[in-house]
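Please look over the model below. The report that follows covers its main pocket and then its salt bridges.

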Amino acid sequence: MLRSRLLAGRHGLVHGFTTRVLSDDWEAIGAATGVPAIARAAQVHGAEVLEADEGGPLGEGDAILVTRPGVLAAVRVADCVPVLLAAPGGVCAVHAGWRGTVAGIVPGAVRRLCEATGCRAEQVLAAIGPCIAQRSYEVGEEVLAAVRNITDAPVIAGRHVDLKATNAALLAAAGVVHIDVLPQDTFTDPRLHSYRRDGAAAGRQVGVIGWV
């Protein structure tokens, strides 16, 4: 599993981003993390944040909020952005494709996490995991216009959007100051699944996080 240096040093915090080796094998991920209870949602590229206090599948949503120790929050991605949030007393795993990003899934997750734990945004730790890089992500005018509407940060070059930088900017705007961005590009890294590269045959990576 790939891990964030920001999150790795926190006692009692379990997290990671899988590669092709584990993919979305929940039993194997539970064994690798030592936490078999993994909450996950039916992802729909929206902005719904679901709360869970036990492992297993939930309804439709693109972020999982957990405040119970011993339960991991998980999201599945190929080229979309996995964002893991940790705060004293809770965690949130976020699936942020371009639609979810422009719909406000990331700042919404930060707000819900702070409400659930009573913490401030500056206490939240955020790790942005492997996703498609700007150089690999050429998009149409619909996406360019949508991204321009949510941030003034320099995240567009020609017809290419930087989803990592976009979500980092949204986190910062929400008050998060501790942000780690992993460098991997799902499109060019053979260890990782990519929908844009592999099409419908693409598998999924998983981002997981939880207090134990």
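## The largest pocket

How do the residues of the lining of the largest pocket divide into nonpolar, polar and charged? In this predicted model, the split is 10 nonpolar, 5 polar and 5 charged. The lining comprises 20 residues. Those nearest the centre of the pocket are His-45, Asp-79, Cys-80, His-95 and Tyr-195.

The pocket holds about 450 Å³ of space. Three elements give two or more residues to its lining: strand 6 (72-77), helix 3 (98-103) and helix 7 (195-198).

## Salt bridges: the count

How many salt bridges are there? The count comes to 8. Side chains of opposite charge can pair when their charged atoms come close. Three of the pairs are described below, with a network after them.

## Glu-51 and Arg-112

Glu-51 and Arg-112 form a salt bridge through their side chains, at 3.0 Å from N to O. Glu-51 belongs to strand 3 (residues 49-52), while Arg-112 belongs to helix 4 (residues 105-117). The two positions are 61 residues apart in sequence, so the pair ties those parts together.

Are these partners exposed or partly exposed? Glu-51 has 52% relative accessibility and counts as exposed, because the cut-off for that class is over 50%. Arg-112 is partly exposed, with a relative accessible area of 25%.

## Asp-198 and Arg-20

A second salt bridge joins the side chains of Asp-198 and Arg-20, with an N to O distance of 3.3 Å. This pair links distant parts of the chain, 178 residues apart. Asp-198 sits in helix 7. Arg-20 sits in the loop between strand 1 (13-17) and helix 2 (26-33). Helix 7 is also one of the elements that line the largest pocket.

Both side chains fall in the partly exposed class. Asp-198 has a relative accessible area of 29%. Arg-20 has a relative accessibility of 37%.

## Arg-120 and Glu-122

Arg-120 forms a salt bridge with Glu-122. The closest N and O atoms are 3.0 Å apart. Arg-120 counts as partly exposed at 48% relative accessibility, because exposed means over 50%. Glu-122 is partly exposed too, at 38%.

## A shared network

Which residues do salt bridges with shared partners join into one network? They are Arg-20, Arg-197 and Asp-198. The pair of Asp-198 and Arg-20, at 3.3 Å from N to O, has both its residues in this network.

Notes
Residues are numbered from 1 along each chain as its sequence is written. This is a predicted model: local features need pLDDT of at least 70, side-chain atom pairs count only at pLDDT 80 or more; totals for chains, interfaces and linings use all residues. Side-chain values use heavy atoms; hydrogens and water are left out. On a 1 Å grid over the protein atoms alone, a cavity is a set of points where a 1.4 Å probe fits but cannot get out, and a pocket is an open set with protein on both sides within 12 Å along at least five of seven lines; lining residues have an atom within 4 Å of a point. Grid points are joined across faces, edges and corners, and a volume is the space filled by probe spheres set on the points. Helices (H or I, at least four residues) and strands (E, at least two) are DSSP runs, numbered from the N terminus. Ala, Val, Leu, Ile, Met, Phe, Trp, Tyr, Cys and Pro count as nonpolar, Asp, Glu, Lys and Arg as charged, and the others, Gly among them, as polar. A salt bridge is a side-chain nitrogen of Lys or Arg within 4 Å of a carboxyl oxygen of Asp or Glu. Buried means under 20% relative accessible area, exposed over 50%, partly exposed in between (1.4 Å probe, protein chains only).
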